[in-house]
Amino acid sequence: MSDAVLAIENYSLDYLLPQSEPLQVLQDISLSVQRGEVVGLVGESGSGKTTLGWSVMRYMAANARERSGRILLAGEDLCQMSAPQLENLRGGKLGMIFQDPGASLNPTLTLGEQITEVLIRHRGLDARQALELGIQLLSHVELKNPAAMMKRYPHQVSGGEKQRVLIATAFACEPQCLIFDEPTTALDVISSAQILALFARLREETGVASLYISHDLALVSAVADRVCVLEKGHIVEQATARTLFLSPQHAYTQKLVAAVPDPAHRLTDATPVSAQPLLSLQNINIDYGRHGLLDRLLRRENGKTRAASDVSLTVHRGEIVGVVGESGSGKSSLAKALTGLVPFSGKVDFNGYNLSGRAEMDKDYRRRVQMIFQHPDASLNPRQRIGEIIARPLRLYGLPEGENEAQAVARLLEDVRLPASFARRFPHELSGGQKQRVAIARAFAHPPELVICDEITAALDVSVQATVIELLLELRRRYGTAYLFITHDLNLIRQIAHRVAVMYRGDLLEVLPGEAMAQHASHEYTKALLAAVHTPEKAITEHL
Amino acid sequence: MRDVMKHLILSPQGAVGLFILVVAALMVCGGAHIAPYDPESISILARYKAPSAEHWFGTDQLGRDIFSRVMVGARATIVLSLLATLMSMVTGAVIGTASAYLGGKTDEAIMRTMDAVMSIPSLLFALLIVSTLGQSSFNAVLAITIAFVPGMVRIARSVSLAARQQDYVSAAIARGEATHYIILREMLPNIVAPIIVEATIRVAFAIMLFATLSFLGLGAQPPEPEWGLMVSEARAYFFNAPWMMLIPGVAIALVAIGFNLLGDGLRDALNPRSH
């Protein structure tokens, strides 16, 4: 333990709440990070993992009270340090990299200004030296044309590039310890794989000690040497990544490991779905922006962006079709076009309906095609009670035979395994998973034939995600509903989908069988995508 | 509703605001019974009397008891200003939300019309309307309403634009809801908080605008004990009898503060997240 760069000893932290007992966020946390080591910190939302990261940075909420413990950086107690000492330390010896690179860079300053500021502040360089070193650092994180990059503003570069700039800044001052707070969550699969490779290389070179915070157990197991599992502020298990995956000791860890989607473990039965097509899309094009008369008169460039071009896809009755692709690939636009939220051109054939525009979508079509959105916070009106939200489609499409509205709402809530008393609550009184169940109940108020799920589990914890998926599969068994399941989580989709469509920059590249996706992948992009994903299987073999 | 009242009373701003407005409401309802003198009886012997046990708030240039005038005048001032604000709030919120929801050309047309109305100073616009429709308190109320609508529309629209992006609106469209349902039931409840806060500030403006109209002879007519009119009439006597102007002025300020505090309290009480 003597050469530990970062050591946290019996650390406890409370949040003081008005009119109630203090909330114990962290309790008796002890962990240490050696030089050159990566320690993963895994937990679900609310487990206190980010709070711990901020405690190390000594930047805490105003109502935080430390009960006990010490945080040592290279033998010095951070809790005893004065504010100016800490300011010297932060960004210098101690760095932090955040989840959303877009939010952690100032949009009004160029990337160059933001890097050189750190160098001038912590390395004592003058402006010219800082500029030269900055360019050198950017080329070190494998950014193309670093000198031009220095002059750009954050909105002019991609998310992956922003995260590289932040990593370059963090490594610029030769830190002893870095804290990564979900650095790849906001990035697409391929760029996050590249960021992780870059991080592994820099770690070898500099021997920095890092604390890697994430909710993704498979990812952390691939990145970290040791993993700490955090549950409600307690460290319940601490082991090497491989041991943790192969033989989790604590019940909570076992639950987490079991919930990680494993493509080898299929959740849908192999029985073939009916060959009767339910929805077929022919050459669907979706454009954003418009080329107005004035623009044409002034011979301005056509400002239209094509979100999806010539997409043709068929969904059969009761079939689960996955749509995967990185952000900006047009998968969400496709969902919006099918529910009439954005205009499209092309032909949609839905079970006898021939639609060639959104004006032709009538109430009957809308009843039979339902959509569930990504963020249940946003898709449930915060001013309406749960009962009102679920009753709305019943009023629109008619009540089922022999039931009044209150009975129907209670039955729907029970169908999604929520107590009927929730009808009187407001959405903010529910957890994320419960809210998503309400959204599912609303979609199934009048059993639809097709449900479009737009990243519905992306905002949820793994264990909650597993139960939501289980619920969807059960509803499918009961009503024979087909799903168009849009996601970026390849592991998950390989577990449940009969067929998977891969989209890239608005094009539909290929449609593969969900069960044997890896074997049938022919397109380069699909192969790269599959290679970049961390599966539990890979996480184990890599550590052998 | 009971929840909202409970939270309103528990918050300090809400409690103080509610107290001031309850007092104001008592004046509105029972002012004429509380008033010790006839607010319009002239007394040559009791001119310019400073506040005393006999005349609590003193007397004015015609020897009328100011306390009685303030009590009786509460009805005209508060009720009419409140009515004007309420009307402009409801109209403005609905038009603004509809404009944000419909978007495109409809939005452009509505907003440019509002800009045109806004470019005319509200007092001038109110004068124009009153002189067209004829002099009366109700026409003054109508004038203030129309003059206030564009501001309300702007605020409602800017807040609604954010609500428009929310998935619950998309979900309602995808479900096939009617336009009026989406505007009135999905979007409006989510934007009431800023609108109510804005409206409570506007009540104070409405009182002043109403007073100005009265001063110009287009609202309340002179012997009537309207607060704004009293301030206007007392201007000339400010140096020898400052209470004549101060007392109705303080009354206006207190009512305005009361509405502001109530607005703050309501903003918190109406937000289900803060419970």
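The following exercises, with worked solutions, concern chain B and the internal cavities of a predicted model.

**Exercise 1. Describe the secondary structure and overall dimensions of chain B.**

Solution.
Step 1. Count the elements: chain B has 10 helices and zero strands.
Step 2. Read along the sequence, which gives the pattern α-α-α-α-α-α-α-α-α-α for chain B.
Step 3. Take the extent along the principal axes: the C-alpha atoms of chain B fill a box of roughly 75 × 45 × 30 Å.
Step 4. Consider burial: of the 275 residues in chain B, 50% are buried.

**Exercise 2. Determine how helices α6 and α8 of chain B are arranged relative to each other.**

Solution.
Step 1. Locate the helices: α6 of chain B spans residues 137-164, and α8 of chain B spans residues 179-215.
Step 2. Examine the axes, which come within 9 Å and cross at roughly 150°.
Step 3. Classify the angle: angles over 145 degrees count as roughly antiparallel, and α6(B) and α8(B) are therefore roughly antiparallel to each other.
Step 4. Assign the hand: the crossing of α6(B) and α8(B) is right-handed.
Step 5. Sort the contact residues by class: the contact of α6(B) with α8(B) has 19 nonpolar, three polar and three charged residues.

**Exercise 3. Identify the largest cavity and state which elements line it.**

Solution.
Step 1. Search the whole structure, which yields four cavities of 30 Å³ or more.
Step 2. Take the largest cavity, which holds about 90 Å³ of space.
Step 3. Inspect its lining: from chain A come A:Gln370, A:Met371, A:Ile372, A:Phe373, A:Ala439, A:Arg442 and A:Ala443, and from chain B come B:Ala171, B:Ala174 and B:Arg175.
Step 4. Assign elements: β16 (369-372) and α18 (432-443) of chain A, and α7 (167-175) of chain B, each supply at least two lining residues.
Step 5. Group by class: the lining of the largest cavity has seven nonpolar, one polar and two charged residues.

**Exercise 4. Analyse the second largest cavity in the same manner.**

Solution.
Step 1. Note the volume of the second largest cavity, about 60 Å³.
Step 2. List its lining: B:Asp60, B:Gln61, B:Arg64, B:Ile66, B:Arg69, B:Met230, B:Glu233, B:Ala234 and B:Met244.
Step 3. Assign elements: α3 (66-102) and α9 (227-234) of chain B give two or more residues to this lining.
Step 4. Find the largest share of the lining, which is three residues from α9(B).
Step 5. Group by class: the lining of the second largest cavity has four nonpolar, one polar and four charged residues.

Technical notes. Residues are numbered from 1 along each chain as its sequence is written. Chains are lettered from A and ligands numbered from 1 in the order in which they are written. This is a predicted model: local features need pLDDT of at least 70, side-chain atom pairs count only at pLDDT 80 or more; totals for chains, interfaces and linings use all residues. Side-chain values use heavy atoms; hydrogens and water are left out. Axes are lines fitted to C-alpha atoms, for helices over the stretch in contact, and angles run from 0 to 180 degrees between N-to-C directions. Helices (H or I, at least four residues) and strands (E, at least two) are DSSP runs, numbered from the N terminus. Angles under 35 degrees count as roughly parallel, over 145 as roughly antiparallel, 65 to 115 as roughly perpendicular and the rest as oblique. A crossing is left-handed if the near helix is turned anticlockwise from the far one by less than a right angle, and right-handed if clockwise. Ala, Val, Leu, Ile, Met, Phe, Trp, Tyr, Cys and Pro count as nonpolar, Asp, Glu, Lys and Arg as charged, and the others, Gly among them, as polar. On a 1 Å grid over the protein atoms alone, a cavity is a set of points where a 1.4 Å probe fits but cannot get out, and a pocket is an open set with protein on both sides within 12 Å along at least five of seven lines; lining residues have an atom within 4 Å of a point. Grid points are joined across faces, edges and corners, and a volume is the space filled by probe spheres set on the points. Buried means under 20% relative accessible area, exposed over 50%, partly exposed in between (1.4 Å probe, protein chains only).
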